[in-house]
Amino acid sequence: QVQLVESGGGLVQPGGTLRLSCAASGSIVSIAAMGWYRQTPGKQRELVADITSGGSTNYAGAVKGRFTVSRENAKNTVYLQMNSLKPEDTAVYYCKAQIWGATITGFGDYWGQGTQVTVSS
């Protein structure tokens, strides 16, 4: 069974930094893209950033230049370094990964449980 576990959320002042981590575990054959989404009450979940297994990245316009997504393939882990945080970055952040598990054929989408990020003075 495949599982994604996130960590690193919390409360930070405007202009501050946070680093989120998401580790995939279980019977994993291969991982393709990994990434981060966020959601606020009453709104749809939106892409923040993602990264392919080869290291190509993609960012939402609102975070470009402030956030950096990276991954350690040997640890099945993806990170989100968030700098110059703004109150509008406040949301629940979710990790997503395209994983080929040992019990299925093909890649499936897996989600973490979400971690709260609050930017406030």
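Is Asp89 buried or exposed in this structure? Let me answer that straight away, and then step back to the whole protein before returning to the residue: Asp89 has a relative accessibility of 1%, which is below the 20% limit, so Asp89 counts as buried. Please keep in mind throughout that we are looking at a predicted model.

Let me begin with the overall picture. The protein has 11 strands and 0 helices, so that when you read the elements from the N terminus on, you meet one β after another, β-β-β-β-β-β-β-β-β-β-β. The radius of gyration is 14 Å, close to the 14 Å that the globule rule gives for 121 residues, and therefore the protein is as compact as a globular protein of that length. If you follow the C-alpha trace along its principal axes, it spans about 45 × 25 × 20 Å. Of the 121 residues, 39% are buried, and the protein exposes about 6300 Å², of which carbon and sulfur atoms supply 46%. When we take the contacts with a separation of 6 or more, 55% of them are between residues 24 or more positions apart.

Next, I would like to look at one strand in detail, and I have chosen β1, which covers residues 3–7. In a regular strand the side chains alternate between the two faces of the sheet. In β1, Leu4 and Glu6 make up the covered face, while Gln3, Val5 and Ser7 make up the uncovered one. The partner here is strand β3, residues 18–25, which runs antiparallel to β1 and is joined to it by 5 bridges. Within this pairing, Leu4 stands opposite Ala24 of β3.

Leu4 also leads us to another strand, because Leu4 is one of the contacts of Lys96 once the neighbours within four places in sequence are left aside. Lys96 sits in strand β9, and perhaps you would have guessed otherwise for a lysine, but with a relative accessible area of 18% Lys96 is buried. Its other contacts, counted in that way, are Ala33, Met34, Gly35, Tyr37, Asp109, Tyr110 and Trp111.

Strand β9 matters for the next point as well, which is the nonpolar core. The largest such core has 28 residues, and the members that touch the most others are Trp36, Leu80, Met82 and Tyr93. Two or more residues come from each of β3, β4, β5, β7, β8, β9 and β11, and β9 gives the most, with 5 residues.

Now let us return to Asp89 and turn to the charged residues. Side chains of opposite charge can pair when their charged atoms come close. The whole structure contains 5 salt bridges. In one of them Arg38 pairs with Asp89, with the closest N and O atoms 3.0 Å apart; this pair links distant parts of the chain, since Arg38 is in strand β4 and Asp89 is in the loop between β8 and β9, 51 residues apart. In another, Arg66 meets Asp89 at 2.8 Å, N to O, and here too distant parts of the chain are linked, with Arg66 in the loop between β6 and β7, 23 residues from Asp89. Both arginines are buried, Arg38 with a relative accessible area of 8% and Arg66 with one of 11%. Taken together, Arg38, Glu46, Arg66 and Asp89 are linked in a network of salt bridges.

A further residue belongs in this part of the talk, namely Val63, which lies in the loop between β6 and β7. Val63 is buried, at 1% relative accessibility, and if we leave out residues up to four places away in sequence, it touches Arg38 and Val48. The C-alpha atoms of Val63 and Asp89 are separated by 8.6 Å, although the two residues are 26 residues apart along the chain.

For contrast, consider the salt bridge between Glu72 and Lys75, where the N to O distance is 3.9 Å. Here Glu72 is partly exposed at 32% relative accessibility, and Lys75 is exposed at 52%, whereas Asp89, with which we began, is buried at 1%.

Note on methods
Residues are numbered from 1 along each chain as its sequence is written. This is a predicted model: local features need pLDDT of at least 70, side-chain atom pairs count only at pLDDT 80 or more; totals for chains, interfaces and linings use all residues. Side-chain values use heavy atoms; hydrogens and water are left out. Buried means under 20% relative accessible area, exposed over 50%, partly exposed in between (1.4 Å probe, protein chains only). Helices (H or I, at least four residues) and strands (E, at least two) are DSSP runs, numbered from the N terminus. Two strands pair if DSSP finds at least two bridges between them. A salt bridge is a side-chain nitrogen of Lys or Arg within 4 Å of a carboxyl oxygen of Asp or Glu. The radius of gyration is taken over C-alpha atoms; the globule rule is 2.2 Å times the number of residues to the power 0.38. Contact means heavy atoms within 4.5 Å. Accessible areas come from the Shrake-Rupley method with a 1.4 Å probe; for residues, only the protein chains shown count as cover. A nonpolar core is a set of buried Ala, Val, Leu, Ile, Met, Phe, Trp, Tyr and Cys residues joined through side-chain atoms within 4.5 Å.
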